[in-house]
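Could you walk me through this structure, one selection at a time? I have it open in a viewer and would like to know where to click next and what I will find there.

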Amino acid sequence: MIDSTVPVVTPEAPFADALRQAIARRGLALNRIRTHLADRGLNVGVATLSTWQSGRRVPREDSLAIVTALEDLLEVPPGWLTVRIPPSRTDPSATLQPYAVVDYAEALTRLLDRLRRDAHGRLRNVTVLEEVRLGPDRSAHRRRVTQSVVAVQPVDRLIIAHQGEPGCDAEQLTLRALSGCRTGRIARSPEAGALLGELLLDRVLAVGETAVVHYEVEDRSGLPATEYQRFSEWGGMHYVLEVQFDRAALPVRVHEIRRCHTSGPNLVHRELMLTPDGRVHVIEASADPGTVGIEWEWD
């Protein structure tokens, strides 16, 4: 069902129109919005909000946290306003290719062109629950995911990306829909050891509609793994990652890691404790763009 709190505007509507309609739907004065944002530690003037909803100005990159908070305050789906902000002509990030937060972005972009380029960016993750299982050979042979998404543009598919361990055979990577969707086309990059696949939804989602899908990625390469990272291009998702180690192959040290880029420096590097049955997890209430993951040492 379409969320009744979502204003009826076209997917192509500019940021100002969408913001104005969302504010009207909630019936909040700009000074009340400013107060609510200040209570969250975000300072923005009434004059600035007025120029945003009139279209005289658009939010800059350093105002994205405010726009994200506005989406929550105005009770619209995550990304519903953010996706409408036009890129700055002087902002280098505006020219970045899809998947820019990973070091195999070029390979994924080529695979995306073989599938459906215009499907990219039409969904935002709301919640992702992910379990990665390692076998006695130390390989991350399976990950199972429950993923809830919201449409910020009409869309009928979810694009899933996965990269195996360095040197893996991409043909050993498989994507399988479990429920809420069905497996579509699969494209692989032998050079990057990566997969890009479609999960086809039961119907076309209108803006503001949500879906929940369950799927798994299997890697039969048998190569030992030392980390797992989930990347997010837009942020805002609630993320839970759990890694299950085989009792016959337990690591000696485990850390939570967070990065702006898969190969960048650690912004967070925090030691984690294994449970008696060999599990470890991280929880992120609202992940920033970049990656959240777990790394471990075997010896």
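## A tour in seven stops

The two nonpolar, three polar and two charged residues of one lining make a good place to begin: they surround the largest cavity. Keep in mind along the way that this model is predicted.

**Stop 1: the cavity.** Select S139, A140, E165, D219, S221, G222 and L223, which line the largest cavity. About 30 Å³ of space lies inside this cavity. A search through the whole structure for cavities of 30 Å³ or more finds one.

**Stop 2: a hairpin.** Now select residues 123-134, which are strand β1, and residues 140-151, which are strand β2. The two strands run antiparallel to each other and are paired over 11 bridges. To see one of these pairings, click on V132 and then look across to R143, its bridge partner in β2. Together β1 and β2 form a hairpin, with five residues between them. In the turn, find R138, whose phi is positive at about 75°.

**Stop 3: another partner for β1.** Keep β1 on screen and add residues 238-244, strand β9. This time the pairing is parallel, over seven bridges. Click on R133 and you can find its bridge partner, Q244, in β9. You have now seen both kinds of pairing, and here is the general idea: strands of a sheet pair through backbone hydrogen bonds, either parallel or antiparallel.

**Stop 4: an enclosed strand.** Select residues 155-163 to bring up strand β3. Is this strand largely enclosed or largely open? Seven of its nine residues are buried, so β3 is largely enclosed by the rest of the structure. Next, add residues 194-205, strand β6, which pairs with β3 in the antiparallel sense over eight bridges. A nice pair to highlight is Q163 and its bridge partner A194 in β6.

**Stop 5: out on a loop.** From β3, follow the chain into the loop that leads to β4 (173-179), and pick out P166 there. Is P166 buried or exposed? It counts as exposed because its relative accessibility is 76%, and the cut-off for exposed is over 50%. Now select A225 as well: P166 and A225 are 59 residues apart in sequence, and their C-alpha atoms are 9.2 Å apart in space.

**Stop 6: a buried glutamate.** Move on to strand β7, residues 210-219, and click on E216. With a relative accessibility of 3%, E216 counts as buried. Which side chains does the side chain of E216 touch through polar contacts? Show the side chain of R142, which makes one such contact with it at 3.4 Å. Then show the side chain of R144, which makes a polar contact with the E216 side chain at 2.8 Å.

**Stop 7: a four-stranded sheet.** For the last stop, colour an open sheet of four strands, in the order β8-β13-β10-β11, where the pairing is antiparallel. At its edges are β8 (227-232) and β11 (268-271), each of which pairs on one side only. Ignoring direction, neighbouring strands of this sheet are turned by 15° against each other on average. Zoom in on β8 and strand β13 (residues 290-297), which are joined over six bridges in the antiparallel sense. To finish, select S232 and find G290, which stands opposite this residue in β13.

Conventions: Residues are numbered from 1 along each chain as its sequence is written. This is a predicted model: local features need pLDDT of at least 70, side-chain atom pairs count only at pLDDT 80 or more; totals for chains, interfaces and linings use all residues. Side-chain values use heavy atoms; hydrogens and water are left out. On a 1 Å grid over the protein atoms alone, a cavity is a set of points where a 1.4 Å probe fits but cannot get out, and a pocket is an open set with protein on both sides within 12 Å along at least five of seven lines; lining residues have an atom within 4 Å of a point. Grid points are joined across faces, edges and corners, and a volume is the space filled by probe spheres set on the points. Ala, Val, Leu, Ile, Met, Phe, Trp, Tyr, Cys and Pro count as nonpolar, Asp, Glu, Lys and Arg as charged, and the others, Gly among them, as polar. Two strands pair if DSSP finds at least two bridges between them. Axes are lines fitted to C-alpha atoms, for helices over the stretch in contact, and angles run from 0 to 180 degrees between N-to-C directions. Buried means under 20% relative accessible area, exposed over 50%, partly exposed in between (1.4 Å probe, protein chains only). A polar contact is a pair of N or O atoms within 3.5 Å; within protein, one must be able to donate a hydrogen and the other to accept it, and residues adjacent in sequence count only if both atoms are side-chain atoms.
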